[in-house]
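Let's take a relaxed walk through this structure, a few residues and helices at a time. Have a look at the sequence and the model first.

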Amino acid sequence: MSSQTAPSNPTVDPYQHLQIALNADGTLTRLREIPNTPPTPDPSHPTPVLSKDIPLNQSNNTWVRIFLPKEALDHNSSTKLPLIVYFHGGGFIFYSAASSDFHDFCANMAIDLHVIIVSVEYRLAPEHRLPAAYDDAIEALHWIKTTPDDWLRDYADLSNTFIMGSSAGGNIAYHAGFRASMETDKLEPLVIRGLILHQPFFGGSQRTQSELRDNDSILSLSVFDLMWELSLPIADRDHEYCNPKVGDGPQLLEKIKLLGWKVLVLGFDGDVLFEHQIELVKLMREKGVSVVSQFGEGGYHGIDMFEPAKTKALYVVLKNFILSSLVA
C-alpha cells in the first residue's frame with residue numbers, strides 16, 4: 001500500500017460528474033434523473049418474481065422492498081428459501097431500493113439464486129450522514145425477525161440469512177454485520193450465516209496504487225473523495241466507517257470468527273477501490289475469519305451490475321457461496 005497522499009485529478013469536477021449541487025444548509029440538489037421501477041405484488045402479474053414495499057420507519061421515511069420468486073407460491077414445495085438482506089450502492093448519496101438498476105439486479109438475483117431478498121431503503125447522506133444508514137440497517141434486521149408479513153413468514157428461512165451490499169451498500173452490510181454480531185440472541189429466529197461484500201466501498205487517508213492510477217471510468221478518485229466528504233461525520237478519512245483497519249473493526253472480526261460466519265468479497269482490479277478491498281480480505285484472514293475472495297481482471301466499479309455476462313457470472317459465484325454456507 002502506498003503512503004502517498006496525492007490529490008485526486010483536478011480536471012474532473014465531481015459535482016458536475018455526479019450532477020449534484022451542495023446547498024447552503026448542507027443538503028444536496030440531485031439533478032440526475034434516476035429511473036425507478038414500481039413493485040409488482042400481484043401474483044397474476046406475468047413476472048417470475050413478485051415484489052412489494054413495506055414501511056420500516058415512517059419517521060425516517062425508510063422502507064423495504066421484498067422480492068419473492070413466484071415459484072415459491074407452488075404449494076407442492078414445503079422448502080423455505082434462504083434470505084438475503086440487501087443494501088444498494090450509490091456512494092451513500094444516491095439511488096434507492098426502487099431504482100431500476102437495483103430493482104432489476106435484486107429481481108434477477110432472487111430468480112437465479114432461488115432466494116428471497118429484502119432490499120432496504122436507507123437514509124442518504126449528506127442529509128443523514130453515517131452512521132444513519134447503519135442504524136437503518138440494524139433496524140431492518142430487527143423488523144424482519146418480528147414482522148407478520150406473510151411472504152417472509154411463509155417462504156423465508158430466517159435461519160439462513162445473508163447480509164449483502166454493493167459498493168456503499170457493501171460498506172453498510174459490513175458494519176451492519178458488526179452490529180448484528182454483538183446481539184445475535186436478540187435477532188433470533190433470524191440467524192446470519194454470512195456477509196456478501198460486492199465491490200465494497202472503503203478508503204483511508206493514504207492513497208493506494210489503484211487510487212493513484214485513477215483509471216476507473218465509473219468511479220474517478222475525485223468522485224470517490226467527494227462521496228466520503230459528504231458521507232462521513234466531520235472527521236478525517238481514517239475513520240472506522242471508512243477504514244476497516246482502525247477503531248474497533250479488527251476486534252469485532254474476532255466475534256465474526258467465533259460465530260462461524262463466512263464472508264465473500266468480490267471485486268475487479270480495475271476498480272479504484274481494489275486495493276482497499278484486498279487489504280480488507282488480508283485483515284480478515286489475519287483474524288481467522290472464513291473469507292472467500294474473487295477479483296476479476298480489468299473491469300471498473302459496478303461492471304457486473306451493467307454487463308449481462310458479468311452479472312450472470314456473479315450470480316453463479318453468489319449461488320455457490322450461499323449453498324456452501326447453508327445450515328440444514
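Start with Ile163, which counts as buried because its relative accessibility is 0%; buried means under 20% relative accessible area, exposed over 50% and partly exposed in between, using a 1.4 Å probe and protein chains only. This is a predicted model, where local features need pLDDT of at least 70 and side-chain atom pairs count only at pLDDT 80 or more, while totals for chains, interfaces and linings use all residues. Residues are numbered from 1 along each chain as its sequence is written, and side-chain values use heavy atoms, with hydrogens and water left out.

**Two buried residues**

Ile163 sits in strand S7 (residues 156–166). Strands here are DSSP runs of E with at least two residues, helices are runs of H or I with at least four, and both are numbered from the N terminus. What does Ile163 touch, leaving aside neighbours within four places in sequence? Its contacts are Val85, Phe87, Leu141, Ala173, Gly177, Ile192, Gly194, Leu195 and Ile196, where contact means heavy atoms within 4.5 Å. Ile218 is 55 residues from Ile163 along the chain, and their C-alpha atoms are separated by 25 Å.

Now hop over to Tyr122, in the loop between strand S6 (116–121) and helix H3 (132–146). Tyr122 is buried too, with a relative accessible area of 3%. Thr62 is 60 residues away from Tyr122 along the chain, yet 5.7 Å separates their C-alpha atoms. Thr62 is also one of the residues that Tyr122 touches, and the others are Phe87, His88, Gly89, Ala133, Asp136 and Ile172, not counting residues up to four places away in sequence.

**Two helices on their own**

The expected span of a helix is 1.5 Å times one less than its number of residues. Here is how that works out for two of them.

| Helix | Residues | Expected span | End C-alpha atoms apart |
|---|---|---|---|
| H10 | 13 residues (274–286) | 18 Å | 19 Å |
| H2 | 14 residues | 20 Å | 19 Å |

In both cases the spacing agrees with the expected span. H10's buried residues are Phe274, Glu275, His276, Gln277, Glu279, Leu280, Val281, Leu283 and Met284. Just past H10 comes Gly288, with a positive phi of about 80 degrees. In H2, the buried set is Ser100, Phe102, His103, Phe105, Cys106, Ala107, Met109, Ala110 and Leu113. His114 follows H2 and has a positive phi as well, near 55 degrees.

**Helices that cross**

H2 (residues 100–113) also pairs up with H12 (residues 308–325): their axes come within 10 Å and cross at roughly 50 degrees. The two are therefore oblique to each other. From H2, Phe105, Asn108, Met109, Asp112 and Leu113 meet Lys312, Leu314, Tyr315, Leu318, Lys319 and Ile322 of H12. Sorted by class, that contact has seven nonpolar, one polar and three charged residues.

How do H5 (residues 168–181) and H9 (residues 249–259) cross? Their axes come within 10 Å, at roughly 65 degrees. That makes H5 roughly perpendicular to H9; angles under 35 degrees count as roughly parallel, over 145 as roughly antiparallel, 65 to 115 as roughly perpendicular and the rest as oblique. On the H5 side, Tyr174, Phe178 and Ser181 meet Gly249, Leu252, Leu253, Lys255, Ile256 and Leu259 in H9. Six of the residues in this contact are nonpolar, two polar and one charged.

Notes: Axes are lines fitted to C-alpha atoms, for helices over the stretch in contact, and angles run from 0 to 180 degrees between N-to-C directions. Ala, Val, Leu, Ile, Met, Phe, Trp, Tyr, Cys and Pro count as nonpolar, Asp, Glu, Lys and Arg as charged, and the others, Gly among them, as polar.
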